[in-house]
Protein chains: 2
Amino acid sequence: MSVETVDHLTSVGVTEMEKAEHTVKDLDASKLTIELTNTPRPVPELNSKETWSCRACSDHMVTVTWLEGKGWQAPKIVPYGPLTMMPTASCLHYATQCFEGMKVYRGFDGKLRLFRPDKNCQRMVISSTRVSLPAFDPVELEKLIKALMKVDGAKWLPKSQPGNFLYLRPSIIGNGEELGVKAPAEVLLFIIAVPWPDLSTGWNPSGGGVPGLKLLASKNDTRAWPGGFGYAKVGANYGPAFVAAMEGRKKGYDQILWLFGPDYQVTEAGASNFFVVWQSKEGTRELITAPLDDKIILDGVTRRSVLELARTRFVAKSAYLSDAIKELNIIERTYTIAEVEEAQKEGRLIEAFVSGTAYFITPVSAISVHDEEFPINMDAGHTGHYAGMLKEWLMEIKYGKVDHEWGVVVDED
Amino acid sequence: MSVETVDHLTSVGVTEMEKAEHTVKDLDASKLTIELTNTPRPVPELNSKETWSCRACSDHMVTVTWLEGKGWQAPKIVPYGPLTMMPTASCLHYATQCFEGMKVYRGFDGKLRLFRPDKNCQRMVISSTRVSLPAFDPVELEKLIKALMKVDGAKWLPKSQPGNFLYLRPSIIGNGEELGVKAPAEVLLFIIAVPWPDLSTGWNPSGGGVPGLKLLASKNDTRAWPGGFGYAKVGANYGPAFVAAMEGRKKGYDQILWLFGPDYQVTEAGASNFFVVWQSKEGTRELITAPLDDKIILDGVTRRSVLELARTRFVAKSAYLSDAIKELNIIERTYTIAEVEEAQKEGRLIEAFVSGTAYFITPVSAISVHDEEFPINMDAGHTGHYAGMLKEWLMEIKYGKVDHEWGVVVDED
């Protein structure tokens with residue numbers, strides 16, 4: 001792997017990629033074969049019940065098999081359909097599984113774009129090797145994702161409907177038949193494309209029509225731990241978090257705000273990264289998010305993009321500043337829920353939001369800490385000013401309103 | 001659930017069972033239907049390569065579907081074969097999966113026995129609900145396990161070969177098609193029976209022929225943490241541990257000795273519970289294992305049985321004591337690797353062993369801590385005296401050499 005492909009990764013990422021370097025990575029998109037479907041699937045209506053079910057996949061999927069001692073086999077695009085595996089398959093018992101979440105966008109210029117797909121593909125190498133699944137060249141994975149969109153993009157994201165997206169889910173699972181507690185000897189990589197609701201409006205049909213996420217801070221359940229795997233996008237981070245999430249929903253909260261340690265450090269919200277904008281006690285405005293150093297936080301592509309945009313645009317003399325949008329210090333550091341509570345009580349809390357592929361940039365309207373709920377300002381109405389600006393900038397890139405290196409065009413010809 | 005069914009569970013267990021009580025548990029073994037196979041499978045030779053592959057399952061399997069709003073459907077015994085699921089199945093992405101590990105034994109009296117199956121079935125309710133899978137009446141699960149053995153026991157554990165066992169693997173997976181990050185709406189419970197190698201001899205073919213496990217203490221990787229799910233038998237505890245295990249094997253170690261916290265508390269070894277016998281500084285002999293209080297340790301059925309037998313038999317005036325087998329204080333408490341090292345250096349370390357279904361009772365012959373390996377005595381030759389006695393007593397119960405309530409006979413007529 002060349003230095004160029006990893007230069008934007010954090011120190012965590014680089015270390016993990018170096019480890020992965022020593023394993024087989026002969027994934028080769030040039031060997032792709034394509035078998036088109038004879039039974040095309042209907043495209044669900046935008047924001048229909050079917051879209052909200054998150055299961056109405058597109059006509060085709062990518063599959064690639066990996067075999068111990070033989071490496072990655074030739075990739076295929078085949079009609080979307082069921083997978084078959086023996087009851088002893090490793091992924092069913094030992095969570096030998098990882099995935100990526102990304103989207104493909106139909107731009108207002110008619111073009112199809114991915115958003116920083118190199119980052120997702122690099123992260124998937126890290127996730128895969130964290131659960132003893134094989135490494136691969138992330139550039140080849142990106143080619144396979146584009147190949148699937150070249151086949152399904154025109155029908156599932158028609159040019160006549162710009163401003164829409166599909167959710168893409170590359171997954172890797174250990175599917176050999178062998179119950180032994182060990183790295184799987186047979187693996188399947190698959191990529192599917194799924195019509196997905198727009199969660200970023202905060203207008204979840206079950207949410208009572210009020211914009212902004214309500215978060216329940218969890219002091220008992222812990223999502224991730226140093227020396228664990230919270231930084232990797234592996235199945236093991238999700239299922240065990242559902243119980244707390246479901247209990248939160250019963251109490252009227254959209255997501256859990258995950259705290260960590262005896263001092264209750266703020267880490268993530270649901271399956272998204274979490275940001276706070278506040279005025280420090282010294283009077284400076286700050287954008288705060290948890291750091292990656294402990295490897296308990298997911299190195300989110302949206303998180304990374306928020307930080308990079310904020311560092312260049314929310315600075316003194318920037319053309320983007322205004323009365324409402326003052327300059328910010330951008331800070332990745334450990335911070336506690338007590339600091340957030342204190343800022344709120346002292347009137348210094350300006351706004352809060354989550355970032356991620358599923359929720360994009362969604363404002364937070366309230367946090368409940370030990371049964372006491374405090375509201376969070378959304379001074380631009382349905383959002384805070386900073387979150388609103390960041391979302392707008394990212395939308396412009398994703399939908400081709402501006403030309404930016406993060407928006408990677410998919411060749412459809 | 002009556003108090004009687006949970007009285008032997010730890011406080012952890014009871015709390016979790018009480019929570020589970022509120023969810024649907026209409027699993028009903030009396031609705032079982034049986035479809036026998038037309039293509040019987042060959043039984044592999046004992047200790048053959050095929051047995052070591054842990055995939056040569058018996059002729060049949062139990063399957064039960066659960067549907068949101070409808071509950072558990074009628075259980076089935078069907079020919080063993082592949083499972084089919086959509087690529088969006090929850091268990092492939094979010095580790096909504098749990099399992100049990102138990103064995104069925106062909107006794108020297110010709111009878112088929114399970115060992116404390118009520119404990120496995122109760123624990124499976126705890127594991128299932130920990131990853132937002134449904135609860136059920138554990139008594140019904142036990143009936144289904146027995147029903148499978150009534151069908152496959154005679155062929156796969158013939159009466160002509162007493163002293164052998166099959167490994168049983170009940171599993172529950174979220175298999176509905178829905179990518180949303182939430183509790184699955186469709187679930188499959190299945191039970192398979194697998195010929196399994198005898199790992200308890202320590203004579204693993206890859207182990208160089210030396211009895212006793214060599215453990216590598218891990219100071220960097222963390223298996224489980226408070227507020228997590230280390231106490232539950234969920235897939236999320238396994239796959240993420242494989243990388244450390246594989247690195248340990250490359251260095252010549254059979255299993256990882258998992259440490260926890262800044263003081264490096266000793267927790268588990270590989271996927272087994274871990275015990276040390278030492279002489280305390282005050283001169284008393286102690287059997288030590290980590291406690292269940294933090295919910296980071298699996299409430300092992302063998303662990304529990306070791307403690308219960310030791311508490312009644314390694315006591316003053318017991319008929320089981322001898323020169324080599326002196327009385328023991330049985331202690332569940334937090335202890336550190338430094339305490340074990342100190343005991344070894346001062347000549348107070350008597351023996352160490354792991355316990356679990358897969359490894360049964362297997363002695364430990366060495367531990368490596370920060371690149372320094374120290375040997376552990378196996379004063380009875382291929383094992384320590386205490387581990388040897390405990391294994392012998394449990395074998396007697398499992399294979400019907402003594403009549404004991406823990407050995408539950410399966411009706412084969």
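**Exercise 1. How much area is buried between chain B and chain A?**

Before we solve it: this is a predicted model, where local features need pLDDT of at least 70, side-chain atom pairs count only at pLDDT 80 or more, and totals for chains, interfaces and linings use all residues. Residues are numbered from 1 along each chain as written, chains are lettered from A in the order written, and side-chain values use heavy atoms, without hydrogens and water.

*Solution.*
- Step 1: About 5,100 Å² is buried between the two chains, and carbon and sulfur atoms give 66% of that. Buried area is the accessible area (1.4 Å probe) that two parts lose on being put together, summed over both.
- Step 2: On the chain B side, B:Leu92, B:Trp225 and B:Phe242 lose the most area to chain A, together 13% of what that side buries.
- Step 3: Chain B brings 59 residues to the contact and chain A brings 60 (contact: heavy atoms within 4.5 Å).

**Exercise 2. Find the strands that pair with S10 of chain B.**

*Solution.*
- Step 1: Strands are DSSP runs of E, at least two residues, numbered from the N terminus. Two of them pair if DSSP finds at least two bridges between them.
- Step 2: S9(B), residues 165-174, pairs with S10(B) in the antiparallel sense over nine bridges. Here B:Tyr167 stands opposite B:Val194.
- Step 3: S2(B), residues 60-67, also runs antiparallel to S10(B), joined by six bridges. B:Thr63 has B:Phe190 as its bridge partner.
- Step 4: Nine of the ten residues of S10(B), residues 186-195, are buried (under 20% relative accessible area, 1.4 Å probe, protein chains only), so this strand is largely enclosed by the rest of the structure.

Definitions and conventions:
Buried means under 20% relative accessible area, exposed over 50%, partly exposed in between (1.4 Å probe, protein chains only). Helices (H or I, at least four residues) and strands (E, at least two) are DSSP runs, numbered from the N terminus.
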